[in-house]
Amino acid sequence: MLKVVRTRDYDDMSRKAANVISAQVILKPDSVLGLATGSTPLGIYRTLIGWYQKGDLDFAHVRSVNLDEYQGLPREHDQSYYYFMNENFFKHINIDPEQTHLPDGMNMDAEGECARYHQVVESMGGIDLQLLGIGNNGHIGFNEPAEDFAERVHCVELTESTIRANARFFASEADVPRYAYTMGIGEIMSAKRVLIVASGKAKAPILRDLIHGPVTPHVPASILKFHPDATLIADEDALSLV
Ligand code: F6R
């Protein structure tokens, strides 16, 4: 069952999702958070930073594992997810940088990096709360529509639609990385709780398919309907076709 929380707008979505994450960290200060990049969680991170600065939140004992990272982008590249997480969240809070984890995009040994990052996720002893965005094609992490659900961390060739969607962040489409490391659906589904967030009209068709359609690897996020504790927080625009 996927619980659905409908919010007025992006800010309302961000605050409600931040409230869930905040409650998680208050109730379990050494929580393992599974984190996402992309434009949707930015408001959540901003809200959490604000609450941290007011003294309402403490991340000193939190550990984190991110969903994914481009292959071939150095950490200092402004489009690497490492850079994104530092700029938009980690450097503003008191999380221990040693306890934040992302796939190593500069490890070009795909097999080795997938095995290493799978071990990292395993060593956390279970993700308490996994935050997800959803792609226009239903992807979560970089688990693109496919014939099957990938179980573990793997290296994916990005689809044309994802490359095009990401091109706006690079000098040209040719500069967009072609491969990425991502947690698999199995690891995402192993999280104790899942929070998926969506905002804006562009997400309306995929949320309609997600909510009304079948569970299928052609809409990777649809597997969340089989998760025992998954919640979608989405605004009016994103839910306008539901
Ligand atoms: C990011 C990620 C992606 C995004 C998705 C939605 O770590 O794994 O699956 O969540 O592409 O991106 P936005 O939020 O930019 O619409």
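**Figure 1. Lys203 and the ligand in the predicted model.** An N or O atom in the side chain of Lys203 lies 2.6 Å from an oxygen atom of the ligand. Considered on its own, the ligand exposes 410 Å², of which the protein buries 87%. The coordinates shown here and in the following views belong to a predicted model.

**Figure 2. Contacts of His139 and Gly141 with the ligand.** His139 places a polar side-chain atom 2.7 Å from an oxygen atom of the ligand. In the case of Gly141, a polar backbone atom is 2.7 Å from an oxygen atom of the ligand.

**Figure 3. The shell around the ligand.** The ligand is surrounded by 13 residues, and those that come nearest are Thr40, Asp68, His139, Gly141 and Lys203. Sorted by class, the shell consists of eight polar, three nonpolar and two charged residues. The ligand occupies the largest pocket.

**Figure 4. Position of the ligand relative to the two domains.** Residues of the shell around the ligand come from both domain 1 (8-106) and domain 2 (107-120 + 134-187 + 202-221 + 237-241), and the ligand therefore lies between these domains.

**Figure 5. The contact between domain 1 and domain 2.** The protein chain is divided into domain 1, spanning 8-106, and domain 2, made up of the segments 107-120 + 134-187 + 202-221 + 237-241. Taken over C-alpha atoms, the centres of domain 1 and domain 2 are separated by 19 Å. Domain 1 contributes 19 residues to the contact, and domain 2 contributes 21 residues.

Notes. Residues numbered from 1 in each chain as written. Predicted model: local features only at pLDDT ≥ 70, side-chain atom pairs only at ≥ 80, totals over all residues. Heavy atoms only, no water. Near = heavy atom within 4 Å. Polar contact = N/O pair within 3.5 Å; in protein donor to acceptor, adjacent residues only side chain to side chain. Areas by Shrake-Rupley, 256 points an atom, 1.4 Å probe, with all protein chains shown as cover. 1 Å grid on protein atoms, 1.4 Å probe; cavity = no way out; pocket = protein on both sides within 12 Å on 5 of 7 lines; lining within 4 Å. Sits in = over half its atoms within 2 Å of the grid points. Nonpolar A, V, L, I, M, F, W, Y, C, P; charged D, E, K, R; others polar. Domains from an automatic or database assignment. Contact = heavy atoms within 4.5 Å.
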